[in-house]
Amino acid sequence: MAYLLSSVASHEALPDSFVFPPDQRPPASAAVVALPVIDLSGPRDEVRRAILEAGKELGFFQVHTSLAWSALISPFYSPPVAIDDDDDGRPTDRPTQVINHGVPEDAVRDMETCCDEFFRLPAEDKAAFYSDDTDKPNRLFSSTIYGIGGERYWRDCLRLACGFPYHDTARSAWPDKPGRLRDVMERFVVPTRAVGMELLRLLCEGMGLRPDYFEGGLSAGDVIVNVNHYPPCPDPARTLGLPPHCDRNLITLLLQGSVPGLQVSYRGDWIRAQLVPGAFIVNFGHQLEIATNGLLKSIEHRAAPNGALPRTSVATFIMPTEDCLVAPAEELVDGEGNPPRYRAVTFREFMKVYKTVGARRESVEKAFKI
Ligand code: OGA
Ligand code: NI
């Protein structure tokens, strides 16, 4: 039976099944971390350097959609600087953002509003798309249990899949309500993937790999779009929307929506990523970490629900094909100080193991690190 958090008119109390023991949910630091900006329209060698530096430092940065930003932000890259956002005398380092990435602003806005509309549909419309079959690429599900404790996470999720090169046959597997969702998704997913591929090319150039290194099987799987919906939570301090995890794919582009909630692991703390409306937050998945022999790291992050407001985020995942053998690039390995740090693994095998060991960085490292 379809149980959706977003189909309950209002939640009076947090059900016990969503309550985490305090040690499973350490509070985030008070600091909200602002993300400096990388402008993709800047000189290519500067952009390349900026993305690589930000990626190595934090594994997280942002791409902004608003052209107005390029006029406002100068220079286009500020390296991480020590700031004291929360006035506690302790400096907080800043991760990085990117602007002028080429996804039309209205395509991003339409995707965000249409996804919000989806979760406001009548319960019976949503129930029609609900499925607990984890093998189904397109489905709606809720309150997933990820850990051994059996606690549930405060999230409904609409998962949409799209093959590339894009073909419009993908559309028929997406919900037909709201009426414009299929058009909106198509106008969003094609340029968003293109931005992801361009970022990968820039990273390759910066690391000394050939620019098309990630263009084959490593990125030829379906693009998965997870629309995460976190309804207002009656007791946000005692639960989570998503557990601490590293993304399992190659590279992720995330829209936070209009309510903040993303928290990123940084030097032993959970830092709260400041909301920049319309910006993509970019982070690296496990496959990019393996392929770059750990030069680019997949960093743990989690999502906190909000006590007052519903939150909808949109995560676009670029994935390898199931058969793709993912291994450290030869160019990034040598016999001297830099031996291969990860064993070669097909994406299919990676996923099989990932499903059993869980998404924590430590357990994935244990399974795949040499
Ligand atoms: C994800 C994710 C964070 C968020 O979907 O993998 O990390 O803020 N989402 O919803
Ligand atoms: Ni994630």
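Q: Which residue in β16 stands opposite leucine 253?
A: This structure is a predicted model. In it, strand β11 covers residues 251-255, and β11 pairs in the antiparallel sense with strand β16, residues 311-318, over five bridges. Within β16, the residue that stands opposite leucine 253 is threonine 316.

Q: What is the bridge partner of leucine 254 in β14?
A: Strand β11 also pairs with strand β14, which spans residues 280-284. This pairing is antiparallel and runs over five bridges. In β14, the partner of leucine 254 is isoleucine 281.

Q: How many of the five residues of strand β11 are buried?
A: A residue counts as buried when its relative accessible area is under 20%. On one side of β11, Ile251, Leu253 and Leu255 are buried, and on the other side Thr252 and Leu254 are buried. Both faces of the strand are therefore covered. The number of buried residues in β11 is five.

Q: Which residues coordinate the nickel ion (ligand 2)?
A: Along the chain, the donors follow the spacing H-x1-D-x53-H. The coordinating atoms lie at 2.1 to 2.2 Å from the ion, and they are NE2 for each histidine and OD for the aspartate. The residues that coordinate the nickel ion are His245, Asp247 and His301.

Q: How many residues apart in sequence are the parts that histidine 245 and histidine 301 tie together?
A: Both histidines coordinate the nickel ion (ligand 2). Histidine 245 belongs to strand β10, residues 242-245, whereas histidine 301 belongs to strand β15, residues 301-303. The pair therefore ties together parts of the chain whose separation in sequence is 56 residues.

Q: Is histidine 301 buried or exposed?
A: The cut-off for a buried residue is a relative accessible area under 20%. Histidine 245 counts as buried at 12% relative accessibility. Histidine 301 has a relative accessibility of 6%, and it therefore counts as buried.

Q: At what distance from an oxygen atom of ligand 1 does a polar side-chain atom of histidine 301 lie?
A: The three residues that coordinate the nickel ion, His245, Asp247 and His301, also have polar side-chain atoms that approach ligand 1. For histidine 245 the distance to an oxygen atom of ligand 1 is 3.1 Å, and for aspartate 247 it is 3.3 Å. For histidine 301, the distance is 2.9 Å.

Q: What percentage of the area that ligand 1 exposes when taken alone does the protein bury?
A: A polar side-chain atom of aspartate 247 lies 3.3 Å from an oxygen atom of ligand 1. Taken alone, ligand 1 exposes 290 Å², and the share of this area that the protein buries is 96%.

Q: Which element gives the largest share of the shell around ligand 1?
A: Ligand 1 is surrounded by 13 residues, and the closest are Asn228, Tyr230, His301, Arg311 and Ser313. The largest share of this shell is four residues, and the element that gives it is β16.

Q: Which backbone nitrogen does the side chain of asparagine 306 reach at 2.8 Å?
A: Asparagine 306 lies in the loop between β15 and β16, and it is partly exposed at 21% relative accessibility. A polar atom of its side chain lies 2.9 Å from the backbone nitrogen of leucine 309. At 2.8 Å, the side chain of asparagine 306 reaches the backbone nitrogen of alanine 308.

Q: What distance separates the C-alpha atoms of asparagine 306 and proline 232?
A: Asparagine 306 touches Pro231, Pro232, Cys233, Pro236 and Val259, when residues up to four places away in sequence are not counted. Asparagine 306 and proline 232 are 74 residues apart along the chain, yet the separation of their C-alpha atoms is 5.6 Å.

Q: Where is proline 178 found?
A: A cis peptide bond joins lysine 177 and proline 178, with omega about -10 degrees. Another cis peptide bond joins phenylalanine 164 and proline 165, with omega about 5 degrees. Proline 165 is found in the loop between β8 (156-162) and α5 (181-207). Proline 178 is found in the loop between β8 and α5.

Q: Is arginine 267 buried or exposed?
A: Serine 143, in the loop between β7 (139-142) and β8, has a positive phi of about 50 degrees although it is not a glycine. Serine 143 is buried, with a relative accessible area of 2%. Arginine 267, in the loop between β12 (262-266) and β13 (269-273), also has a positive phi of about 50 degrees. With a relative accessible area of 64%, which is over the 50% cut-off, arginine 267 is exposed.

Terms used: Residues numbered from 1 in each chain as written. Chains lettered and ligands numbered in written order. Predicted model: local features only at pLDDT ≥ 70, side-chain atom pairs only at ≥ 80, totals over all residues. Heavy atoms only, no water. Donors = N, O, S within 2.8 Å, 3.2 Å for Na, K, Ca; no water. Helix = DSSP H or I, 4+ residues; strand = E, 2+ residues; numbered from the N terminus. Buried < 20%, exposed > 50% of the residue type's maximum accessible area, 1.4 Å probe, protein only. Pairing = 2+ DSSP bridges. Contact = heavy atoms within 4.5 Å. Polar contact = N/O pair within 3.5 Å; in protein donor to acceptor, adjacent residues only side chain to side chain. Near = heavy atom within 4 Å. Areas by Shrake-Rupley, 256 points an atom, 1.4 Å probe, with all protein chains shown as cover.
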